[in-house]
Amino acid sequence: MDVAPNGGALRPREIVGELDRYIVGQAAAKRAVAIALRNRWRRQQVPAELRDEIYPKNIIMIGPTGVGKTEIARRLAKLAQAPFVKVEASKFTEVGYVGRDVDSMVRDLVEAAVALVRDEEAEKVRARAAELAEDRLVDLLSGAKANPRTAGFGFAVPPPPPAAGLTTVDREKLWAQLRAGTLDDQTVEVETQDSGMSFMRNFTGQGMEEIGFNMQEMFKHMPGMNRTRRRRTPVPEALKILQGEEAQKLIDMDRVHRLALQKAETAGIIFIDEIDKIASRDGSRGGGPDVSREGVQRDILPIVEGSTVNTKYGTVKTDHMLFIAAGAFHVSKPSDLIPELQGRFPIRVELEPLTGEDLVRILREPKNSLIRQYAALLDTEGVRLEFADDALLEIARIAQSVNERTQNIGARRLHTVLEKLLDEVSFGAGELAQKHVQIDAAYVRRRLEDVIKDEDLSRYIL
């Protein structure tokens with residue numbers, strides 16, 4: 001049975017409204033992804049005999065860097081509570097060359113789906129896991145019970161005889177102290193799984209990623225490989241460790257893997273960035289690097305068309321995954337992609353370059369705006385940071401000016417401008433006598449005037 005995306009119940013207008021809280025402008029792109037997400041919900045309502053015949057309409061976003069392409073896709077996945085993975089097309093290679101296997105994007109998506117479903121299942125058993133973890137921690141604090149020790153090669157050693165058990169009254173006292181936080185300054189020795197086998201992570205290259213996973217799974221069950229180690233940690237940290245272990249015991253991982261595969265198939269979103277980098281330049285179909293670029297496109301094509309990929313959790317079909325590709329297309333254009341791949345991305349959306357007004361709105365409106373982020377960071381040291389309206393206008397004007405005179409990197413320019421602007425405050429925040437810092441247009445010009453005037457310097461500083 002298919003797993004319906006959780007966010008699909010939202011109507012397109014509501015989806016756009018949610019995206020507006022984080023992303024300024026780009027109405028056409030928001031409409032396109034909102035319709036794509038809503039169509040997933042609609043597909044679940046269609047009779048079963050027709051449901052499998054309805055495929056998602058994949059999207060290509062065209063626009064310069066820093067205008068919100070990646071953020072739109074990431075926020076959409078978060079809104080839908082769907083597995084999401086971002087890959088760069090330029091990191092892949094065609095069969096026979098050194099580089100990442102294109103199937104790895106699907107395997108990465110399945111890993112994201114497993115993590116997502118595992119977190120959902122862990123939340124369901126959180127209360128019970130917390131009770132069991134507290135019970136174990138009380139035993140450890142009292143010395144009434146010891147965790148099984150492990151010999152040098154992973155063989156379990158019979159534990160020593162348990163100490164005399166606590167009375168019910170004593171346990172209740174320890175529980176009360178634990179929950180009141182009076183034991184937080186104490187440490188306790190816990191046994192944790194040793195995350196060894198790091199050499200298995202070095203498998204790279206065509207087809208080797210899945211081999212590395214399978215070998216790691218095989219070695220994990222061999223004697224001497226499943227090792228644990230004892231370490232002394234503060235009580236709050238020990239409680240988190242034990243709670244995680246107890247939750248893991250309560251979760252049915254077979255069910256998690258089954259649901260994750262279904263979720264990846266029906267709700268997964270794969271964002272392929274820099275797809276313009278694998279397009280043939282100016283429509284050429286000659287030799288040289290264009291051969292490799294076209295080869296990557298042909299390897300990606302079956303994934304987008306719909307194929308079956310083997311993962312360590314089982315096979316997964318890509319037929320109903322949503323693919324969102326993005327690229328600046330400065331040198332090439334979407335028509336330079338091979339025709340078969342073009343046909344698998346029927347929706348094309350052009351994102352507009354950001355204006356000065358857009359930059360002001362980016363500073364002011366989003367829920368996670370840079371202004372709010374910097375204010376929250378400095379507030380941790382008791383510094384109250386305030387920006388006047390004319391300061392926001394001046395910051396946006398400077399960012400727009402530098403984008404026009406050097407390389408246009410869109411809203412990312414605001415990061416560099418603000419970092420340079422607040423360099424002095426950030427460095428001495430803990431030592432400031434005046435804990436209220438007011439930023440106005442005059443302050444912005446004073447801090448950035450020299451850098452703005454020197455164009456060569458601004459290329460490196462901003």
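Contact here means heavy atoms within 4.5 Å. Keep that in mind for the exercises below, which use a predicted model.

**Exercise 1. Find the buried side of helix α1, and say what covers it.**

Solution. Start with the helix itself, which spans residues 12-20. Its buried residues are I15, V16 and L19. Next, look down the axis of α1: these residues fall within an arc of 100°, so they line one face of the helix. The spacing fits a general rule. An α-helix has 3.6 residues a turn, so residues three or four places apart point the same way. Finally, look for the cover: α2 (27-45) and α4 (69-80) are among the elements that lie over the buried residues of α1.

**Exercise 2. Work out the strand order of the open sheet that holds β10, and name the strands at its edges.**

Solution. Take the pairings one at a time.

- Step 1: β2 and β7 run parallel and are joined by 5 bridges. Within this pair, K86 stands opposite F271 in β7.
- Step 2: β7 (residues 269-273) pairs with β10 in the parallel sense over 4 bridges. Here I272 has A325 of β10 as its bridge partner.
- Step 3: β1 (residues 59-62) also pairs with β10, again parallel and over 4 bridges. I60 stands opposite A325 in β10.
- Step 4: put together, the order is β2-β7-β10-β1-β11, an open sheet of 5 strands with parallel pairing.
- Step 5: β2 (84-88) and β11 (347-350) each have a single partner strand, so they stand at the edges and one side of each is left without a neighbour in the sheet.

From one strand to the next, the twist averages 20°. To finish the picture, add helix α5 (residues 104-124), which lies across β2, β7 and β10 and runs at about 150° to β2.

**Exercise 3. Decide how many residues of β10 are buried, and which way each one points.**

Solution. Begin with the count: β10 covers residues 322-327, and 6 of its 6 residues are buried. Then sort them by direction. L322, I324 and A326 point one way. F323, A325 and G327 point the other way. This follows a general pattern: in a regular strand the side chains alternate between the two faces of the sheet. Both sets in β10 are buried.

**Exercise 4. Describe how β8 and β9 are joined: is their pairing parallel or antiparallel?**

Solution. First, the sense of the pairing: β8 (residues 308-311) and β9 (residues 314-317) are antiparallel, with 4 bridges. Next, pick out one bridge, in which V309 is partnered by V316 of β9. Last, check the connection: the two strands form a hairpin, with 2 residues between them.

**Exercise 5. Describe the packing of α14 against α16, then locate the buried side of α16.**

Solution. Work from the axes to the side chains.

- Step 1: the axes of α14 (residues 370-379) and α16 (residues 412-421) come within 11 Å and cross at roughly 35°.
- Step 2: the crossing of α14 past α16 is right-handed.
- Step 3: α14 brings L370, I371 and Y374 to the contact, where they meet L414, H415, L418 and E419 of α16. By class, the contact has 5 nonpolar, 1 polar and 1 charged residues.
- Step 4: the buried residues of α16 are R413, L414, V417, L418 and L421. They cover an arc of only 125° around the axis, which puts them on the same side of α16.

**Exercise 6. Classify K420 and E357 as buried, partly exposed or exposed, and give a C-alpha distance for each.**

Solution. The cut-offs come first: buried means under 20% relative accessible area, exposed over 50%, and partly exposed in between. K420, found in helix α16, has 28% relative accessibility, so K420 counts as partly exposed. Its C-alpha atom is separated by 8.0 Å from that of R447, 27 residues apart along the chain. E357 sits in helix α13 (residues 356-364). At 60% relative accessibility, E357 counts as exposed. The C-alpha atoms of E357 and Q400 are separated by 9.5 Å, with the two residues 43 apart along the chain.

**Exercise 7. Place these details in the whole chain: how many helices and strands are there?**

Solution. The chain has 19 helices and 13 strands. Of its 462 residues, 43% count as buried. Among contacts with a separation of 6 or more, 79% come from residues 24 or more positions apart.

Terms used
Residues numbered from 1 in each chain as written. Predicted model: local features only at pLDDT ≥ 70, side-chain atom pairs only at ≥ 80, totals over all residues. Heavy atoms only, no water. Axes fitted to C-alpha atoms, helices over the stretch in contact; angles between N-to-C directions. Left-handed = near helix turned anticlockwise from the far one by under 90°. Nonpolar A, V, L, I, M, F, W, Y, C, P; charged D, E, K, R; others polar. Buried < 20%, exposed > 50% of the residue type's maximum accessible area, 1.4 Å probe, protein only. Arc of directions from axis to C-beta. Pairing = 2+ DSSP bridges.
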